[in-house]
Amino acid sequence: MNVPSLLLAGGRWRCFPLPLGYSLFQALHNSCCRKESTAPKKIIPHVDFSDETAKESGKTLDKLFSSEQQASILHVLNTASNKELEAFKLLRGKKSLNIVEHREKFGPFPNLKSLMNVPLFQYKITIQVCNSILNPETEGKKKKLQESRLLRKLIKPEIERERVKAVNSIVSIVSGTRRIAWAHLDRKLAVLDWQQTEYCQLMKGSYLSSVYLEEISSIISKMPKADFYVLEKTGPSFQNPSLFPVLLHFHMTEAMLYALLNTTFAQDGRHQVLSMNRNAVGKHFELMIGDTRTSGKEVVKQLLSESVLRDEPRVFFPPEKIVRYRQMFSSTEHNRVEELYDSLLQAIAFYELAVLNTES
């Protein structure tokens, strides 16, 4: 009930009711300490809505979830161990520990609203936690998410996981300042084609797009058909001005390859040409020293030897082609032809990281 109070107003004492929770002392203090003013100031009492908000939040929680869903959520909250609670992504760390400690101190949670009494559990977090308990991430979902994240880091542009899994053959392409090399492999890691071609004239004179078009078109005409064409993604630093012509050359070559190999993109909007992270390939074959990638020549040499010496080699070179490939390797071993080695290693890494590693 309101408490009446007496205040001096205009030289006379007047009696009027005060709002609930507003003491006589506060009223007298405000009256005495007010500055003189011709217009009377309205006194607005402080009202705490926290209890009311909590009640409304509790009612909302009850409306969001059916009685069966609430029972399922409460069963988990009241019976799961700290480790079991941490299996839910939103309950990792301090939140799961807080639930267990609150449960041990105050007993089982009687309703969903009581979860908001636990530290770190505001209204929105409580709803998210309840939803995560009802729809937990299965091992299959977690695996798919991890694989999708891996693909996004490994290859660009983003490609559907299903398309990658269904790939039958790829052509891995690595271009340098003087040559382009490619390796054609199927999903059994059988080398169907592997070669390189010189195109050093592209680095002479002006960088005419028409010249690139003619040269790259001629090279593509020699390449076999495949489900995907995988390019090496590399980029010299802009911090060194002397590397700008090399960077321009790489970008022009990459752009031409994207345009000329994506033959059906205009019709279906689906990419056939992908760029693969160069350092990811280097890490896969342990070729990285810090941020620098070393030569893959020794790895390729070992793969060629294993294809003859082992019954089940990592990479299969068809018997009718192994002699030619070994001769090609021997003829280039004393020269710097990293594009040839890298094209083969990139194809292997694509299958092992993006295809075979994501099969269910």
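**Cavity lining, sheet pairing and a buried arginine**

By class, five nonpolar, three polar and three charged residues make up the lining of the largest cavity. The model under discussion is predicted.

User: What makes the space in this model a cavity, and how many cavities of 30 Å³ or more are there?

Analyst: A cavity is a set of points where a 1.4 Å probe fits but cannot get out. The structure holds one cavity of 30 Å³ or more, and about 130 Å³ of space lies in the largest cavity. Of the eleven residues that line the largest cavity, those closest to its centre are Ser175, Leu231, Glu232, Phe250 and Glu254.

User: Which elements supply at least two residues each of the lining of the largest cavity, and which gives the most?

Analyst: Strands S4 and S7 and helix H10 (244–261) each supply at least two residues of that lining. Helix H10 gives the most, with four residues.

User: How do you know that S3 and S8 pair, and in which sense?

Analyst: Two strands pair if there are at least two bridges between them. S3 and S8 have two bridges, in the antiparallel sense, so they count as paired. Within this pair, Ile155 stands opposite Met276 in S8.

User: Why is the pairing of the sheet called mixed?

Analyst: The six strands form an open sheet in the order S3-S8-S7-S4-S5-S6, with mixed pairing. Strand S7 (residues 228–233) pairs with S8 in the parallel sense over five bridges, and Val230 stands opposite Leu274 in S8. Strand S4 (residues 169–175) and strand S5 (residues 179–186), by contrast, pair in the antiparallel sense over seven bridges; Ile173 stands opposite Trp182 in S5.

User: Why is one side of S3 and of S6 left without a neighbour in the sheet?

Analyst: Strand S3 (155–156) and strand S6 (191–198) stand at the edges and have a single partner strand each, so one side of each lacks a neighbour in the sheet.

User: What makes strand S8 mostly covered?

Analyst: Four of the five residues of strand S8 (residues 273–277) are buried, the cut-off for buried being under 20% relative accessible area.

User: Why does Arg163 count as buried or exposed?

Analyst: Buried means under 20% relative accessible area. Arg163 has 17% relative accessibility, and therefore counts as buried. Its place is in helix H8 (residues 161–165).

User: With which residues is Arg163 in contact, leaving aside its neighbours within four places in sequence?

Analyst: Apart from those neighbours, Arg163 is in contact with Phe228, Arg270 and His271.

Technical notes:
Residues numbered from 1 in each chain as written. Predicted model: local features only at pLDDT ≥ 70, side-chain atom pairs only at ≥ 80, totals over all residues. Heavy atoms only, no water. Buried < 20%, exposed > 50% of the residue type's maximum accessible area, 1.4 Å probe, protein only. 1 Å grid on protein atoms, 1.4 Å probe; cavity = no way out; pocket = protein on both sides within 12 Å on 5 of 7 lines; lining within 4 Å. Points joined across faces, edges and corners; volume = space filled by probe spheres on them. Nonpolar A, V, L, I, M, F, W, Y, C, P; charged D, E, K, R; others polar. Contact = heavy atoms within 4.5 Å.
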